[in-house]
Amino acid sequence: MRAIVSVVGKDRKGIIAEVCSLLAENGVNVLDISQTVMQEFFTMIMLIDTEDCPLPFADLCDRLTLHGEELGLKIRTQREDIFNAMHQI
């Protein structure tokens, strides 16, 4: 399954590496990534593939959320189909 991961927080070194390391440790492939810094705020959106992830999707989401809290980031994960449905006019 494909999903969208968004990350927002105060900019600092290593954010991309920290988030991508957690994903890689759980068998998740990053398909696309876009990031920017707006003044002192870091924002990133990623398209991921969870096909090889051994965890249930809800558990992966929880791990990302908790990891984000530990890092001082807000990480939100949604299935791609739900994300697309929410952003259609």
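## The nonpolar core

Val 7 and Val 19 touch the most other members of the largest nonpolar core, which has 20 residues. At least two residues of this core come from each of strand S1 (2-10), helix H1 (15-25), strand S3 (41-49), helix H2 (57-71) and strand S4 (73-79). The biggest contribution is that of H2, with five residues. The model described here is predicted.

Not counting neighbours within four places in sequence, Val 7 is in contact with eight named partners in the chain, listed here in order: Ile 15, Val 19, Phe 42, Thr 43, Met 44, Leu 73, Lys 74 and Ile 75. Val 19 is thus both a contact of Val 7 and, with Val 7, one of the two core members that touch the most others.

## Overall fold

The protein chain has three helices and four strands. Read from the N terminus, these elements follow the order β-α-β-β-α-β-α. Among contacts with a separation of 6 or more, 65% are between residues 24 or more positions apart.

The radius of gyration is 13 Å, which agrees with the value near 12 Å for a compact globule of 89 residues. The C-alpha trace spans about 35 × 35 × 20 Å along its principal axes. Of the 89 residues, 31% are buried. The accessible surface of the chain is about 5,600 Å², and carbon and sulfur atoms account for 53% of that surface.

## Helix H1

Which residues of H1 are buried? They are Ile 15, Val 19, Leu 22 and Leu 23. Viewed down the axis of H1, its buried residues fall within an arc of 100°, and therefore they line one face of the helix. The cover over the buried residues of H1 includes S1, strand S2 (29-38), S3, H2 and S4.

On the face of H1 turned away from its buried side are the exposed residues Ala 24 and Glu 25. After H1 comes Gly 27, which has a positive phi, near 75°.

## Asn 26 in the loop

Asn 26 lies in the loop between H1 and S2. Is this residue, Asn 26, buried or exposed? Its relative accessible area is 6%, and under 20% counts as buried, so Asn 26 is buried.

The side chain of Asn 26 makes a polar contact of 3.0 Å with the side chain of Arg 63. Leaving out residues up to four places away in sequence, Asn 26 touches Asp 52, Cys 53, Pro 54, Leu 55, Leu 60 and Arg 63. Arg 63 therefore appears in both respects: as a residue touched by Asn 26 and as its polar partner, because a polar contact is a pair of N or O atoms within 3.5 Å.

## Met 46 in strand S3

Met 46 belongs to strand S3. Its relative accessibility is 1%, so Met 46 counts as buried. In sequence, Met 46 and Val 5 are 41 residues apart, but their C-alpha atoms are 5.1 Å apart in space.

Which residues is Met 46 in contact with, leaving aside its neighbours within four places in sequence? They are Ala 3, Ile 4, Val 5, Val 19, Cys 20, Leu 23, Val 30, Asp 32 and Ile 33. Among these contacts of Met 46 are Val 19 and Leu 23, which are buried residues of H1.

Technical notes: Residues are numbered from 1 along each chain as its sequence is written. This is a predicted model: local features need pLDDT of at least 70, side-chain atom pairs count only at pLDDT 80 or more; totals for chains, interfaces and linings use all residues. Side-chain values use heavy atoms; hydrogens and water are left out. A nonpolar core is a set of buried Ala, Val, Leu, Ile, Met, Phe, Trp, Tyr and Cys residues joined through side-chain atoms within 4.5 Å. Buried means under 20% relative accessible area, exposed over 50%, partly exposed in between (1.4 Å probe, protein chains only). Contact means heavy atoms within 4.5 Å. The arc is that of the directions from the helix axis to the C-beta atoms. A polar contact is a pair of N or O atoms within 3.5 Å; within protein, one must be able to donate a hydrogen and the other to accept it, and residues adjacent in sequence count only if both atoms are side-chain atoms. The radius of gyration is taken over C-alpha atoms; the globule rule is 2.2 Å times the number of residues to the power 0.38. Accessible areas come from the Shrake-Rupley method with a 1.4 Å probe; for residues, only the protein chains shown count as cover.
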